[in-house]
Every structure is written in structure tokens, then in C-alpha cells.
Amino acid sequence: MCGIVAYIGPREAYPLILKGLKRLEYRGYDSSGVALLNDDLRVYKKKGKVAELEESLVGQDVHAHAGIGHTRWATHGEPSDRNAHPHSSASGRLAMIHNGIIENYAQLKNELIKKGYSFQSDTDTEVLLNFVEDIQKNNNCGLEEAVRIALRRVVGAYVIVLLDKDHPDTIIAARKGSPLVIGIGKGEHFLASDASPIIEYTKEVVYVNDYELAILKADELILKNLGNEKITPFIQKLDLELAAIEKGGFEHFMLKEIFEQPETIFDCLRGRLDAEKGIITMAGVENNIEKLRNADRMIIIACGTSWHAGLVAEYIFEELCRIPVEVEYASEFRYRNPVIHNGDVIIAISQSGETADTIVAIEKAKEQGAFIMGVVNVVGSSIARLSHAGAYTHAGPEIGVASTKAFTAQLAVLTMIALKIAKEKDTIDQTRYMHLLAELHTIPEKAREALKAADSIKKLASRYANDANALYLGRGYNFPVALEGALKLKEISYIHAEGYPAAEMKHGPIALVDETLPVIFVATRDSYHDKIVSNIQEIRARKGRVVAVISQDDEVIPKMAEDYMTVPETDELLAPMLSVIPLQLFAYYIGIAKGCDVDKPRNLAKSVTVE
Ligand code: M6R
């Protein structure tokens with residue numbers, strides 16, 4: 001949510017910041033802006049995508065060796081030029097960008113209004129900036145000290161980055177609850193919300209922690225805590241290639257990421273799964289095996305697509321490990337007064353590792369003594385660092401706002417964790433264990449096979465692009481896939497879609513069914529197959545338009561469905577990794593047919609760092 005880029009050093013700051021903002025646009029894209037500092041401080045901002053900012057700056061003076069840039073996902077105040085960041089302080093001396101929410105901004109604003117301040121925007125950011133300036137004035141102190149004092153009063157989450165006209169050789173940044181990475185170059189420094197704008201210039205990075213302040217000059221980095229004590233920066237090497245964050249010939253990141261799944265699932269299994277020897281190697285599980293095998297209960301916390309992966313995991317863990325599992329929306333869990341016992345294990349699932357609701361839910365569970373196992377994609381992210389143990393999904397950067405490859409990688413990791421625990425607990429017999437390992441090993445190839453249907457799905461999708469609604473139904477392991485299919489469709493094409501357990505439909509949603517409603521069944525061959533065939537009959541009897549995801553050798557459903565999409569057969573426990581693929585493509589092609597911006601759907605952001 002909101003992307004931040006900053007630079008100080010010998011290069012021209014503007015083109016570098018602009019490129020970085022384009023890479024971070026997945027985090028928010030309703031307005032953007034830059035502040036550039038030489039002898040003077042110039043602030044340019046524009047409603048709309050970064051390309052619109054770029055266009056508006058043609059012919060403007062953009063020469064500078066220090067600058068900050070921002071792409072916004074609106075929280076306080078509608079998307080507009082005046083609410084775009086950077087904001088300028090009342091005196092015009094300071095400029096600031098911000099990612100996060102200042103919860104007590106109204107109180108701070110009232111205090112400032114009483115002192116005679118007025119505001120150009122509706123944002124909490126402008127309030128915080130003027131609060132900093134006011135502190136500086138009253139205390140006659142430097143910007144660094146004023147920021148420190150201000151942040152001690154601030155309630156909420158933030159990354160802030162400031163420029164001071166009187167100190168063109170310095171950028172000041174601080175973090176709490178939102179991500180911030182510093183890139184260390186030779187005689188230059190970079191700052192960004194994630195490593196993608198930095199990777200081209202340096203692989204040496206420092207992840208700033210909560211309550212830390214960074215003072216950056218071209219050739220110096222000082223990290224301090226809010227108590228003004230210096231902290232030694234922990235420099236890490238980025239394990240990320242530029243190619244991974246580019247489109248590589250695909251029209252959209254979403255399509256590229258859907259097509260990457262054979263490799264990403266393979267990468268996720270690589271070095272962990274030895275199907276022949278019957279071994280799964282996962283240090284995060286092995287080092288904590290006593291805790292995991294003795295868990296009285298598992299609570300899975302996540303949001304969105306990651307929550308759907310959690311639902312699949314519930315079925316898998318209960319089946320294989322015989323451990324009761326609860327799957328919780330992080331956003332509900334964090335505000336409840338949940339009962340957490342000593343023997344509970346929390347599994348936190350997140351692609352970005354920065355989802356604010358999941359972070360706070362983890363913190364809450366940790367406070368009550370729970371053991372946290374993170375299943376995270378972004379290496380070094382906040383959730384990865386907050387967890388006691390974890391397993392990365394190794395899906396590579398996911399840039400399309402709609403999550404695709406992260407989901408299948410999460411399922412692969414969660415399945416391996418469950419298999420390892422089940423083996424330790426002896427809740428799985430050897431034949432089934434070896435069978436599941438062997439099947440898991442084939443999933444990347446079967447995913448490749450499933451993708452071959454892309455062209456036929458494209459044709460099929462065009463027939464549903466003008467529909468206003470869709471109902472997705474599935475049973476067992478495929479029930480969460482129905483939810484995920486519906487989520488993909490609504491995110492990408494803005495068609496209203498509902499996911500339901502197929503058998504639950506008769507308790508209400510069946511009232512929606514008529515000859516106009518597409519009902520998408522996720523009905524691969526499994527132990528529920530006969531039952532779902534009956535559900536299909538129930539829809540047909542009411543003239544609903546049946547579309548089905550089925551196994552390649554299914555001879556029954558093709559005779560009943562208006563349209564169908566096939567995937568290779570596998571064990572039902574692993575089926576979601578395949579059955580979701582046609583639904584991702586279906587949503588993608590409908591979005592394209594409708595002319596939607598599939599990589600940047602309206603109102604969404606990739607990384608939801610506000611509550
Ligand atoms: O980064 P996370 O996995 O924590 O993100 C959770 C959700 O915000 C995310 O899955 C969201 O629902 C996606 N847009 C789904 O496509």
C-alpha cells in the first residue's frame with residue numbers, strides 16, 4: 001500500500017525514482033509524485049498512474065541528486081493532485097512521503113489548527129509533516145530530533161521519508177509497521193518499499209526495523225532507534241535477479257505469473273522433496289518438530305488468497321496429522337479476544353509478508369505465548385522476521401495484484417509441512433506417504449499440462465465477459481478453490497462472484513440460479529465426485545449455465561456442462577494446485593475481454609499495509 005522510492009548520490013535522481021515508482025506501482029496507483037532537491041525543493045504530483053506524472057513533467061526542471069517519490073493508495077482523502085504525496089510543510093522547507101496510517105492524526109490536526117496551521121490536503125501525512133515542523137520550531141532543534149520527538153506521539157503505522165531544503169545532503173526516514181529497504185551503493189544510497197527499485201543498482205541492502213530512524217547521505221548511513229542510540233546496520237545480500245521483476249515477453253505480470261507456476265512449484269519443492277527416498281527436508285519444521293507434532297491445535301491466520309490457501313491446509317492437516325485446525329481472517333482475529341493455549345501453533349500465511357492485519361494478529365498471538373510458523377514468499381519481510389520459524393514459498397516476486405503463483409506455492413509448502421508432521425506423528429501410513437510424495441513430485445509437470453488449455457480457456461472466457469454475476473461451487477479440497485476462483489474473477493473483471501461449498505448452495509444461493517447465471521463447478525475426480533455431479537444436476541434442473549473444471553478423463557461432466565476446462569488427474573489432496581489454474585486463466589481472459597487493467601485492478605493494492 002503506497003510505494004516509496006528515494007535516492008541520494010551522484011546520479012540524476014528523477015529518472016531513477018520514476019523507474020522505481022513504476023516498479024512499485026503494484027502497491028498503489030491512484031496518484032503519484034516526486035520531490036527533488038538541489039538548491040531549491042521542487043514538488044510535483046499528479047492524480048492517476050505514474051505515466052501521467054511522467055507526462056506532466058516533460059519540459060520541467062527535474063535536475064537533482066536527491067529526491068523522494070511516492071505512488072499512492074488513498075486512505076485519507078480521495079485520489080487527487082492535492083492529496084498526492086509528497087506533501088510540503090507550511091514553510092515550504094520540508095517535503096515528506098508516507099506509507100501507512102496515522103491513527104491520531106485528527107487530534108494532532110486540531111492542536112495544529114489551534115496554533116494557526118492550515119492544510120492543503122485531507123491527508124494524515126500533511127498533519128504529521130507540520131507536526132514535525134512545529135516541533136522543530138518550538139524546540140529549535142534539527143529535523144532528526146524533531147522527527148524522533150514527533151514519532152513518540154504518533155499512533156499508527158508508517159514509513160516516512162523527508163527532505164529538508166536547508167540540508168540537501170541528507171534524507172531522513174523512519175519506519176513502524178510498513179516495509180522499508182535501504183540499498184547501499186558506492187557513494188550513493190537508495191530507499192524503497194521493497195527491493196525491486198534497488199536491485200538494478202546494488203545487491204547490498206539493509207531492512208529497516210520498526211522504531212528505527214535512518215539518516216542517509218550519499219556516502220554515509222546512520223541508523224538510530226527512537227532513543228537516539230546508534231544501531232549497527234545489518235547488511236544483507238539480495239537473492240533476486242532483475243529478470244524476475246520484468247514481464248519477460250508476457251502482456252501482463254498476471255499472465256506471466258500464471259505461466260510461471262510449473263517452475264515456481266518446482267522451486268518450492270526443490271531441495272526439500274526427495275520422493276524416491278521418501279524424505280522431506282525443511283529446517284524450519286525439523287528444528288521445531290516437538291512443538292509442531294505436539295500441537296493441540298493449529299490456528300491459521302491470513303487474508304485474501306493466502307486465507308484460501310489456509311482453508312485448503314485445514315483439510316490437509318486434519319486429514320494427515322489429525323490435529324484440529326482453525327482458519328481465521330487475520331483482520332477478525334486481531335480485534336477479537338481469541339483464546340490461545342500453550343500448545344497452540346499459529347501458521348501465518350502471507351505472500352508479501354507485510355500485510356498489516358496478519359502482522360498485528362501474529363503480534364497478538366505471540367503476546368499470548370503462541371508459537372508462530374510463517375509461510376511467506378518475500379524473504380526478509382516483516383512476517384518472516386516476526387515468526388519463530390518458517391518456510392519460504394520461493395515463488396519469486398509476485399507483481400500482479402491478483403495473487404496466482406503465490407497460492408500454488410503456499411499449497412506446496414503447506415502440504416510438505418503437513419506430510420512431515422504426519423510422518424513424525426505416525427498418523428499416515430507408509431504407502432500413502434510415499435504415494436503423496438510421488439504425486440507431489442509430478443505437480444510441476446501437471447501444472448505445465450494444465451496451462452496448455454490457455455487458448456481454449458481464452459475462447460471460452462469471452463462468452464462470459466458480459467455476465468454480471470457468477471457462482472463458484474466446490475466440495476472438499478476444491479471448496480477453497482471455488483472461493484479463490486470467485487475472488488480472482490471479481491478482482492480482475494469486476495464481475496460479482498460468490499464462492500460456496502457446492503452442497504451449501506441449496507441453503508440459499510440456489511435462489512439466484514436462472515438461465516442467465518454461470519455456475520462454475522470445481523469438480524475434479526475425487527471422493528466427492530458423485531455428489532458434485534448431483535449438484536450439477538440440481539443447477540441444470542433450474543436452467544443454470546454450468547461451467548466445470550474437471551479431470552482430463554472425466555466422461556460424465558462434459559455431457560452435462562455448457563463448457564468445461566480440464567486438468568490432469570492427481571490425488572484429491574493435491575488437486576487444488578491444479579484445479580485453480582484454469583480459474584486463474586478464466587478470470588484473466590475475462591478481465592482482458594472487458595478491457596480491465598488486470599495487473600492493477602481498481603481500488604486494490606498488492607501489499608495491504610493498512611488495517
Ligand atoms: O501478501 P498477503 O498474502 O498477506 O496478501 C493477502 C491478500 O491481501 C491478498 O491475497 C489479496 O487478497 C490478493 N489481491 C488476492 O489476489
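Q: What makes the approach of serine 350 to the ligand a polar contact?
A: In this predicted model, a polar side-chain atom of serine 350 lies 2.6 Å from an oxygen atom of the ligand. A polar contact is a pair of N or O atoms within 3.5 Å, so the pair qualifies.

Q: Which other side chains have an N or O atom at such a distance from the ligand?
A: Serine 352 has an N or O side-chain atom 2.6 Å from an oxygen atom of the ligand. Glutamate 491 places a polar side-chain atom 2.5 Å from a nitrogen atom of the ligand. Both values are within 3.5 Å, so both pairs are polar contacts.

Q: How much of the ligand does the protein bury?
A: The ligand exposes 410 Å² when taken alone, and the protein buries 92% of that.

Q: How many residues surround the ligand, and which are the closest?
A: There are 15 residues around the ligand. The closest are Ser306, Ser350, Ser352, Thr355 and Glu491.

Q: How many aromatic pairs does the structure hold?
A: The structure holds seven aromatic pairs.

Q: Why is the pair of phenylalanine 190 and tyrosine 201 called stacked?
A: The ring centres of phenylalanine 190 and tyrosine 201 are 5.1 Å apart, and their planes stand at 10°. Centres within 6.5 Å make a pair, and planes under 30 degrees apart count as stacked, so this pair is stacked.

Q: Where in the chain do the two partners of this pair lie?
A: Phenylalanine 190 is in strand E10 (residues 189-192), and tyrosine 201 is in the loop between E10 and strand E11 (204-207). The two are 11 residues apart. Ring pairs also link Tyr7 with Phe190 and Tyr201 into a cluster.

Q: How do you know whether phenylalanine 190 is buried or exposed?
A: Phenylalanine 190 has a relative accessible area of 1%. Buried means under 20%, so phenylalanine 190 is buried.

Q: What makes the pair of phenylalanine 250 and phenylalanine 259 tilted?
A: The centres of phenylalanine 250 and phenylalanine 259 are 5.7 Å apart, with 35° between the planes. Under 30 degrees would count as stacked and over 60 as edge-to-face, so a pair at 35° is tilted.

Q: Why are phenylalanine 250 and phenylalanine 259 called partly exposed?
A: The relative accessibility of phenylalanine 250 is 30%, and the relative accessible area of phenylalanine 259 is 27%. Values between 20% and 50% count as partly exposed, so the term fits both residues.

Q: How do you know that the charged end of lysine 423 sits over the ring of tyrosine 433?
A: The charged end of lysine 423 is 4.9 Å from the centre of the tyrosine 433 ring. The distance limit is 6 Å, so the value meets it. The position also has to be within 35 degrees of the ring normal, and lysine 423 is listed as sitting over the ring.

Q: What is the distance from arginine 602 to the ring centre of tyrosine 494?
A: Arginine 602 lies over the face of tyrosine 494, and the distance to the ring centre is 3.9 Å.

Q: What makes the contact between threonine 570 and glutamate 439 a polar one?
A: The side chains of threonine 570 and glutamate 439 make a polar contact at 2.5 Å. The limit is 3.5 Å, so the distance fits.

Q: Where is threonine 570, and why is it called buried?
A: Threonine 570 is in the loop between strand E27 (563-567) and H19. Its relative accessible area is 12%, which is under 20%, so threonine 570 is buried.

Q: What sets asparagine 228 and asparagine 603 apart in their phi angles?
A: Most residues other than glycine have a negative phi. Asparagine 228 has a positive phi of about 70°, and asparagine 603 also has a positive phi of about 70°. Neither residue is a glycine.

Q: Why is asparagine 228 called partly exposed and asparagine 603 exposed?
A: Asparagine 228, in the loop between strand E13 (220-225) and strand E14 (230-231), has a relative accessible area of 36%. Asparagine 603, in the segment after helix H19 (576-593), has a relative accessible area of 62%. Exposed means over 50%, so asparagine 603 is exposed, while 36% falls between 20% and 50% and makes asparagine 228 partly exposed.

How values were computed
Residues are numbered from 1 along each chain as its sequence is written. This is a predicted model: local features need pLDDT of at least 70, side-chain atom pairs count only at pLDDT 80 or more; totals for chains, interfaces and linings use all residues. Side-chain values use heavy atoms; hydrogens and water are left out. Rings of Phe, Tyr and Trp (its six-membered ring) pair if their centres lie within 6.5 Å; planes under 30 degrees apart count as stacked, over 60 as edge-to-face and the rest as tilted. Helices (H or I, at least four residues) and strands (E, at least two) are DSSP runs, numbered from the N terminus. Buried means under 20% relative accessible area, exposed over 50%, partly exposed in between (1.4 Å probe, protein chains only). A residue is near a molecule or strand if one of its heavy atoms lies within 4 Å of it. A polar contact is a pair of N or O atoms within 3.5 Å; within protein, one must be able to donate a hydrogen and the other to accept it, and residues adjacent in sequence count only if both atoms are side-chain atoms. Accessible areas come from the Shrake-Rupley method with a 1.4 Å probe; for residues, only the protein chains shown count as cover.
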